[in-house]
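I opened a fresh page for this chain and went through it with a few simple lookups. Here are my notes, in the order I made them.

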Amino acid sequence: MQKAGLEILPSFSIKFPEYSVITPYSKFEYTLRGLKVSEEEALKSSLLLPNKFSEHLNDVLYSVMIKKPEEIKTKEDFLKKNTLKDRDALMFALYHVTYKDVHPYELTCSQCSEKNNVKINFLNSFSVTFWDQPELALSKEVMVKLEQAEQLTFVVGLPSLFEEQQMLNDLSAVSDKERQKKVALLPIKYILIDIASAKKQDKIVDRINIQRVYDDLPVSDRKLIDKALKDNFEKYGSTIKVISNCQKCRAEINTEIDLVNQFFRAMYE
Ligand SMILES: [Zn+2]
């Protein structure tokens, strides 16, 4: 009894799979549901707009959250209270509920360069190291007094999703490489410059000026900054570690799988 154009869609419900994850730095528990077709398509098309991609990804993650902690009432809370590595863990959760966990993967042997085709169960290989320092991860700042550029102190910490999104929104057309560099420099919160004659310190917060100062640093000073980041912030987070043996020479292959790249591979499989 239907006339063309007048079909009524009856109500029906789809039970999406759900998965809970605790983010490694902010230590919030979120429950996510799997992606809908329209959401996957929206993410795919935003890959073509790299400046907008983080924003779209944050939007999608926020919209698939079925349960959020008390502290996260708005999208802005979500952006301001989570780090980029917290988002990696959420992406893993989204990956896990959306795509199947066992994936073919190519592991290259470091000894004989043989390419091994293996099937990896990502869920079994997933591990998280939680932030265990007394202050909140996003509040911690570390001062790095440089040695050769002795007037300079770099202050480093973890960037929030909000800081990343703001920085990307301010960028006009730049190359992929340039954008990746700007994201990589986000852990530099500000720079203090000793002005001896005035017996004071100038504080540099503008991202363009920070990059300018950074580009002029002696290489050994850059290493001090990298080391401070590594020692204070980088031992936490979520990883997929795979240990396997080469099919040709039997050497052990130890691989860490890039969650973010894997996510995009899965979207196109
Ligand atoms: Zn081998």
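I began with a strand pair: S1 and S2 are antiparallel partners, joined over five bridges. This is a predicted model, so I keep that in mind throughout. Looking at who faces whom, I found glutamate 18 opposite arginine 33 in S2.

Next I traced the whole sheet. It is open and has three strands, ordered S1-S2-S3, with antiparallel pairing. Strand S1 (18–22) and strand S3 (65–67) each have a single partner strand and stand at the edges, so one side of each has no neighbour in the sheet. I noted an average twist of 40° from one strand to the next.

Then I asked myself: what lies across S1 and S2? I found H4 there, running at about 160° to S1.

That led me to the largest nonpolar core, which has 20 residues. Leu32, Leu90, Phe92, Ala93 and Leu94 have the most contacts inside it. I listed the elements that give two or more residues to this core: strand S2 (29–33), helix H2 (50–63) and helix H4 (84–98). H4 gives the most, with eight residues. I picked out alanine 93 and, leaving aside residues up to four places away in sequence, saw that it touches Tyr19, Val21 and Leu32.

Last, I stepped back to the full chain. I counted ten helices and twelve strands, and the C-alpha trace spans about 90 × 55 × 40 Å along its principal axes. Buried residues make up 22% of the 269 residues. Of the contacts between residues at least 6 apart in sequence, 66% join residues at least 24 apart.

How values were computed
Residues are numbered from 1 along each chain as its sequence is written. This is a predicted model: local features need pLDDT of at least 70, side-chain atom pairs count only at pLDDT 80 or more; totals for chains, interfaces and linings use all residues. A nonpolar core is a set of buried Ala, Val, Leu, Ile, Met, Phe, Trp, Tyr and Cys residues joined through C-beta atoms within 7 Å. A residue is buried if 20 or more other C-beta atoms lie within 10 Å of its own, exposed if 12 or fewer, and partly exposed in between; C-beta atoms are placed from the backbone. Helices (H or I, at least four residues) and strands (E, at least two) are DSSP runs, numbered from the N terminus. Two residues are in contact if their C-beta atoms, placed from the backbone, lie within 7 Å. Two strands pair if DSSP finds at least two bridges between them. Axes are lines fitted to C-alpha atoms, for helices over the stretch in contact, and angles run from 0 to 180 degrees between N-to-C directions.
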